[in-house]
Amino acid sequence: MRINAMLLGVAGFALAVTNGASASVNPTNTYWSTNASSCVVGDPAIQNNLYTISGGAVKFVPGSSGTITLYCNVPPNNGGTNPTKIWLTYKDPDGTGANNHVAAGFVKLAKTNGAFTSITNASIDSNTTNVMVANHIANATAFSETLDYETYYYYVRVDIVRSDTAQDEIFYGVSLELPLP
Ligand SMILES: [Ca+2]
């Protein structure tokens with residue numbers, strides 16, 4: 001029993017080393033990422049019981065409509081290269097139709113006074129493509145932002161908007177990338 005425990009310990013260590021090695025193979029594409037349910041939901045969606053979580057993704061409670069806003073913290077990534085792409089994994093069953101969509105934008109707040117700035121070219125919207133199944137999109141034009149955590153807080157805002165309750169759009173996750181993965 002004691003030997004088995006020792007062997008398991010060795011196996012666990014070997015696995016950790018393997019994971020560490022594989023993680024370092026391609027370390028530069030993703031600056032930051034999160035699954036949907038790890039973001040904080042804005043209170044209108046909470047007060048109106050609009051959202052539900054399934055498998056780490058966020059979507060509307062059946063029959064409900066409106067806007068679910070999520071705020072996803074982007075903490076400092078020491079050693080990370082400045083990202084240029086925002087990448088969204090989602091489902092928008094009416095494609096370019098305007099009744100339903102998922103949108104994301106990269107935002108910064110000044111540490112001195114909370115002044116809000118949407119970072120130029122760092123917004124994406126599922127209505128720009130007619131794919132109606134689970135999909136991913138990224139901004140076509142690279143954004144240029146030298147991340148400065150001494151001066152700003154950073155986050156990604158995601159809006160899941162639904163007016164047609166027959167459509168079941170989903171927000172799975174979002175990331176900041178360099179270059180386009
Ligand atoms: Ca749509």
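# Close-up views of a predicted chain

**View 1. N49 counts as exposed because just 9 C-beta neighbours fall inside 10 Å.** The cut-off for exposed is 12 or fewer, so a count of 9 puts N49 in that class. Keep in mind, as you look through these views, that the model is a predicted one. Where does N49 sit? You'll find N49 in the loop that links α2 (43-47) to β3. There is something else to spot here: the phi of N49 is positive, about 55°, although N49 is not a glycine.

**View 2. Here is the whole chain before we zoom in again.** How many helices and strands does the chain have? There are two helices and eleven strands. Walk along the sequence and you'll meet them in the pattern α-β-β-α-β-β-β-β-β-β-β-β-β. Of the 181 residues in the chain, 28% are buried. Now think about contacts with a separation of 6 or more: 71% of these link residues that are 24 or more positions apart.

**View 3. Residues 1-27 are a part of the model to read with care.** Over residues 1-27, pLDDT stays under 50. For that stretch the model has zero contacts beyond four places in sequence. For the chain as a whole, the mean pLDDT is 87, and 83% of the residues reach 70 or more.

**View 4. Strands β3 and β4 make a hairpin.** Strand β3 covers residues 51-54 and strand β4 covers residues 57-60. They pair antiparallel, with four bridges between them. To see one of the matched pairs, look for I53, whose bridge partner in β4 is V58. Two residues lie between the strands, and G55 in this hairpin has a positive phi near 60°. β4 has another partner too: two bridges pair it, again antiparallel, with strand β11 (residues 170-177). In that pairing, K59 stands opposite I170 of β11.

**View 5. Five strands line up in an open sheet.** Which order do the strands follow? Going across the sheet, you pass β2-β5-β10-β7-β8, and the pairing is antiparallel. The edges are β2 and β8, each of which pairs on one side only. As a bit of background, strands of a sheet pair through backbone hydrogen bonds, either parallel or antiparallel.

**View 6. Let's cross that sheet, pair by pair.** Start at strand β2 (residues 40-41), which two bridges join to strand β5 (residues 66-73). Find V40 here, since its bridge partner in β5 is Y71. Next, eight bridges link β5 to strand β10 (residues 152-162), running antiparallel. C72 is a handy marker for this step: its partner in β10 is V156. Then come β10 and β7, joined by eleven bridges and also antiparallel. Here V107 stands opposite Y155 of β10.

**View 7. N121 is another residue with a positive phi that is not a glycine.** For N121 the phi is about 65°. Is N121 buried, exposed or partly exposed? N121 counts as partly exposed because 17 C-beta neighbours fall inside 10 Å. N121 is placed in strand β8, one of the edge strands of the open sheet.

**View 8. The largest nonpolar core gathers 33 residues.** Which residues have the most contacts inside this core? They are I86 and V158. The elements giving two or more residues to the core are β4, β5, β6 (85-91), β7 (100-110), β8 (116-125), β10 and β11. There's a general habit behind a picture like this: in soluble globular proteins, nonpolar side chains tend to be buried together.

**View 9. Now zoom in on I86 and what it touches.** Set aside the neighbours within four places in sequence, and I86 is in contact with A104, F106, A122, I124, A138, N139, V156, V174 and L176. You've met V156 already: in β10, it is the bridge partner of C72.

**View 10. P76 lies in the loop between β5 and β6.** Is P76 buried or exposed? P76 counts as exposed, because 11 C-beta neighbours lie inside 10 Å. Look across to Y153 as well: P76 and Y153 are 77 residues apart along the chain, and their C-alpha atoms are separated by 9.1 Å.

Conventions. Residues numbered from 1 in each chain as written. Predicted model: local features only at pLDDT ≥ 70, side-chain atom pairs only at ≥ 80, totals over all residues. Pairing = 2+ DSSP bridges. Core = buried A, V, L, I, M, F, W, Y, C linked by C-beta atoms within 7 Å. Buried ≥ 20, exposed ≤ 12 C-beta atoms within 10 Å, placed from the backbone. Contact = placed C-beta atoms within 7 Å. pLDDT = per-residue confidence, 0-100.
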